[in-house]
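Welcome, and please open your viewer. We will take a short walk along the backbone, one stop at a time.

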Amino acid sequence: MIAYLIRRILGVAGVLLAICAVTFTIFYLLPADPAAAACGKTCSPERLAEVRHFMGLDQPVWRQFGDYLVGIFAGRELGSGPHAIQCGFPCLGYSYENALPVWDLLMDRLPVSVSLAFGAACLWLVLGLGAGVTAALRKGGLLDRTLMVGAVATASLPVYFTAVMLLYGLVRLTGLLPYPAYVALTDDPFAWAANLLLPWVALALLYAAMYARQSRSSMIETMEQPYIRTARAKGLPARTVVVKHGLRSAMTPVLTLFGMDLGALLAGAVITESIFGIPGVGRLFYDALQRSDQPVVLGVTLLAAFFIVAANVVIDLLYAVVDPRVRN
Amino acid sequence: MSRRSRALSVSLSTSLALALLGACSPQGGDDRGPDVRQPGVATGTVIGGTPKRGGTLTVLSNQDFAHLDPARNWVMPTMDFGTRLIYRTLTTFRAAPGKRGSEIVPDLATDLGRSSDGGRTWTFTLKSGLRYEDGTPIRARDIKYNVERSFAPDLAGGPDYAQRYLAGAEGYTGPLDGKHLDSIRTPDDRTIVFSLRGPVAEFSSTVTLPTFSPVPASREKGVQYDLRPFSSGPYRIESYARGKKLVLGRNPHWDAATDPVRKAYPDRIVVIQGLKGGQIDDRIIESAGADASAVEWSDLQPSSVAKVLPKPGIRQRLSAERTGCTDMLALNTSRAPFDDPKLRRAMQYAVDKQAQVTANGGPALNDIATAYLPPSLTGGRAADPVHTGPATGDVKKAEKLLAEAGRGDGFDTTITVSTGDKTRAEALQQSLARVGIRLRIETVDPSVYYDTIGDTANAPDMAISGWCPDYPSAATFLPFVFDGRTIKAKGNQGNVSQFRDKAVERRMDEIAAMPDATAAAKAWNALDREIQRKSPAVPLLWERKPLLVGDNIAGAFGHPSWTGQFDFAVIGLKDPSRSQG
């Protein structure tokens with residue numbers, strides 16, 4: 001198991017390094033010049049050269065990349081002498097637009113995205129699995145068909161439509177909820193939930209529909225397995241058969257999906273955050289794109305990659321726990 | 001000029017034009033002169049009367065500030081916010097709506113400065129009793145220090161007038177390396193003397209810029225000073241989470257007796273950033289709870305205009321001051337076809353400016369531009385056009401000029417616009433098609449628009465671009481837009497036309513050296529007409545800035561010096577007890 005774990009973690013490091021290299025190269029090749037953006041509208045060529053030097057952009061790309069990698073593990077000093085800026089471990093670069101290390105910006109926004117992702121995940125698991133399992137147990141019935149038509153309809157609504165409709169209906173028209181404005185959980189848990197309720201619902205509706213369909217088919221397949229028939233024949237109560245024998249095994253593919261979705265959401269839901277004006281990682285990414293703030297774009301890309309890869313590892317490890325064959 | 005804010009403020013669409021037509025038509029018979037077209041309160045009026053002291057003013061914004069560091073702050077509305085609330089400058093603009101707002105009054109200084117040596121040397125004396133937020137005195141050397149900071153490459157992006165005007169500043173890279181400028185002398189704590197390269201008649205106006213505000217050397221934090229500028233104004237920064245929220249509280253050491261301009265009515269000012277534009281409009285229209293005490297930072301969205309104009313109660317909370325900027329069609333003079341002046345003159349007649357007005361939100365939010373210099377720089381009224389004719393263009397005259405240029409059959413050409421200006425480009429396409437000019441439109445994302453048109457080697461034949469004066473002087477306009485010596489191979493801004501004309505450049509230098517500001521203003525005006533004859537660009541529009549306030553806001557008006565943004569020096573609340581937080 002230990003060897004397996006080490007192998008996987010090395011793999012993750014390799015994937016992240018590759019993503020880092022590719023993203024870095026793309027930015028290097030892009031026409032937008034962060035130095036020109038920082039230098040302002042009447043920047044002379046001499047001044048631009050000074051700014052480029054200060055930002056370290058006059059170095060060859062391999063050197064910049066090397067410094068970046070070293071910075072991630074050891075932190076680094078940007079610039080020199082009285083102009084130096086400290087960028088401590090783990091240094092994911094420095095945002096000259098925001099005058100802050102990228103890591104600080106990410107850590108400032110991450111709790112917001114985590115709040116959004118976990119809240120929405122809870123909602124969609126309850127809604128999606130509930131609907132999926134109910135439909136599976138009443139396969140072919142009216143309830144099954146109603147739920148699945150509902151799921152298809154919901155899944156086909158893009159989040160920017162549901163979000164705007166929710167805002168219109170629950171905020172503008174009826175005034176039931178406030179215009180979302182993020183409040184930290186630690187400041188006021190009630191306001192935190194009230195403000196995030198709409199974005200949670202908007203995101204959850206989309207995912208719940210997919211999860212309902214996925215868990216329904218998975219559940220139906222499982223419930224047709226011979227061992228379920230055996231369990232029933234043994235005279236086990238229906239609840240035990242469904243929950244302990246059926247659901248548990250049917251959930252494996254759903255969990256795979258869940259890990260990936262949650263991982264992707266943790267690094268920011270760009271559209272949802274932008275529509276609801278929630279200052280999460282997604283919104284940070286959007287603003288950074290607008291301002292050609294490349295260190296931040298690179299940082300968010302890496303964070304997103306990390307979460308998705310990490311979610312995969314966690315899922316694989318869970319498989320390994322369940323199924324010893326995977327370890328080899 | 002506020003390049004970024006222009007890129008972000010997506011152009012108004014035709015839906016707005018229709019909304020405005022519908023809203024305005026019932027008043028068509030009610031002839032009240034030009035104000036009939038005014039979408040909100042009339043220019044020169046204050047929304048909500050005089051504010052009461054106290055309460056929390058909320059500013060709802062869809063974006064973060066570019067830079068609050070006074071050495072780097074060069075985006076119009078942010079300059080307003082910084083200099084009216086957090087730091088004071090040697091002189092500043094009067095806090096008054098309309099034309100009076102363009103007047104310069106002393107701020108930290110006792111007067112507007114005394115010039116000697118034919119306008120080459122300027123001396124300012126600081127008032128006594130000026131203090132920073134920690135109670136320490138504001139000294140002349142702190143102003144010198146901030147001017148020096150603006151030369152540092154790590155603190156780039158701010159106004160570059162110090163670099164342009166100060167003597168012996170070539171190659172200077174800021175005070176962090178221990179070097180200082182000899183051309184700024186501070187013989188004592190209250191006197192500062194600037195030695196300039198040549199005469200600058202309106203240097204009293206130049207020192208309204210945030211470059212000329214005090215930063216004590218002991219508070220230097222390099223790039224990170226941006227996060228928390230040290231306050232010399234009525235408010236200090238309590239917290240600033242970038243892109244999320246900025247909270248200002250009172251600076252207890254600011255003394256109103258030394259400050260004739262700022263009233264500092266609210267106790268706190270909270271800027272909430274990163275909100276969605278349309279939602280900001282909806283919230284302020286509704287004006288519920290704390291939103292009644294809120295103002296919006298960026299323009300009312302086109303889709304929201306129909307919710308505002310038909311309702312008099314909401315409409316009287318709309319400010320729509322002229323931005324003071326000129327929006328123009330830049331013609332790339334560096335190569336064919338627009339290297340031919342005759343062809344460029346033909347464009348002055350071929351373009352249908354009325355269609356541009358319609359495509360950009362209608363007559364309520366736009367006036368037709370008749371010159372490069374906005375009315376604020378030509379004595380308050382629009383200059384007489386050089387190329388006379390109907391607003392819809394003069395097809396016959398254009399055809400004649402085209403034929404003379406040997407392009408009687410028309411020609412193919414290109415324009416690059418940001419996605420928000422697509423409707424305008426299409427209107428242009430239609431008007432040019434009337435004389436056989438076949439226009440191909442390329443649209444790019446607003447975030448890369450200026451990079452695209454600023455790449456001189458690959459620049460399109462035409463681009464829509466604009467410029468706003470930094471203070472009421474044509475010296476902050478024409479040299480930025482039509483001086484061929486400012487053209488850069490990449491990241492070229494201002495002179496998008498790539499207009500190079502030795503005679504014009506010589507004249508610019510001569511006018512800049514005039515010691516008499518009034519004579520200089522006249523000369524700039526004449527030069528504007530001269531450049532129009534050479535036609536490097538077609539002046540299109542003078543826009544207005546639509547901004548809405550909540551119904552508990554008082555003392556609000558769009559200030560003409562900062563592209564029509566609210567004057568934060570005097571804005572406040574009707575009833576402070578109604579504001580929450």
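Our tour begins in a loop: select Gln498(B), which sits between α15 (478-482) and α16 (502-512) of chain B. Keep in mind that you are looking at a predicted model.

What is the phi of Gln498(B)? It is positive, about 50 degrees, although Gln498(B) is not a glycine. For background, most residues other than glycine have a negative phi. Now show the surroundings: 19 other C-beta atoms lie within 10 Å of that of Gln498(B), so this residue is partly exposed, since being buried takes 20 or more.

Next, stay in chain B and select Ser535(B), in the loop that links α17 (517-534) to β18 (537-548). Here too you will find a positive phi, about 55 degrees, in a residue that is not a glycine. Is Ser535(B) buried or exposed? Ser535(B) counts as buried, because it has 22 C-beta neighbours inside 10 Å.

The remaining stops are about peptide bonds. As a rule, most peptide bonds are trans.

Move to Pro337(B), placed in the loop between β13 (326-331) and α10 (341-350) of chain B. Display the backbone from Ala336(B) to Pro337(B): the peptide bond there is cis, with omega near 5 degrees.

Finally, switch to chain A and select Pro90(A), which lies in the loop between β2 (85-87) and β3 (94-95). Which form does the peptide bond from Phe89(A) to Pro90(A) take? That bond is cis, and its omega is near -10 degrees.

Definitions and conventions:
Residues numbered from 1 in each chain as written. Chains lettered and ligands numbered in written order. Predicted model: local features only at pLDDT ≥ 70, side-chain atom pairs only at ≥ 80, totals over all residues. Helix = DSSP H or I, 4+ residues; strand = E, 2+ residues; numbered from the N terminus. Buried ≥ 20, exposed ≤ 12 C-beta atoms within 10 Å, placed from the backbone.
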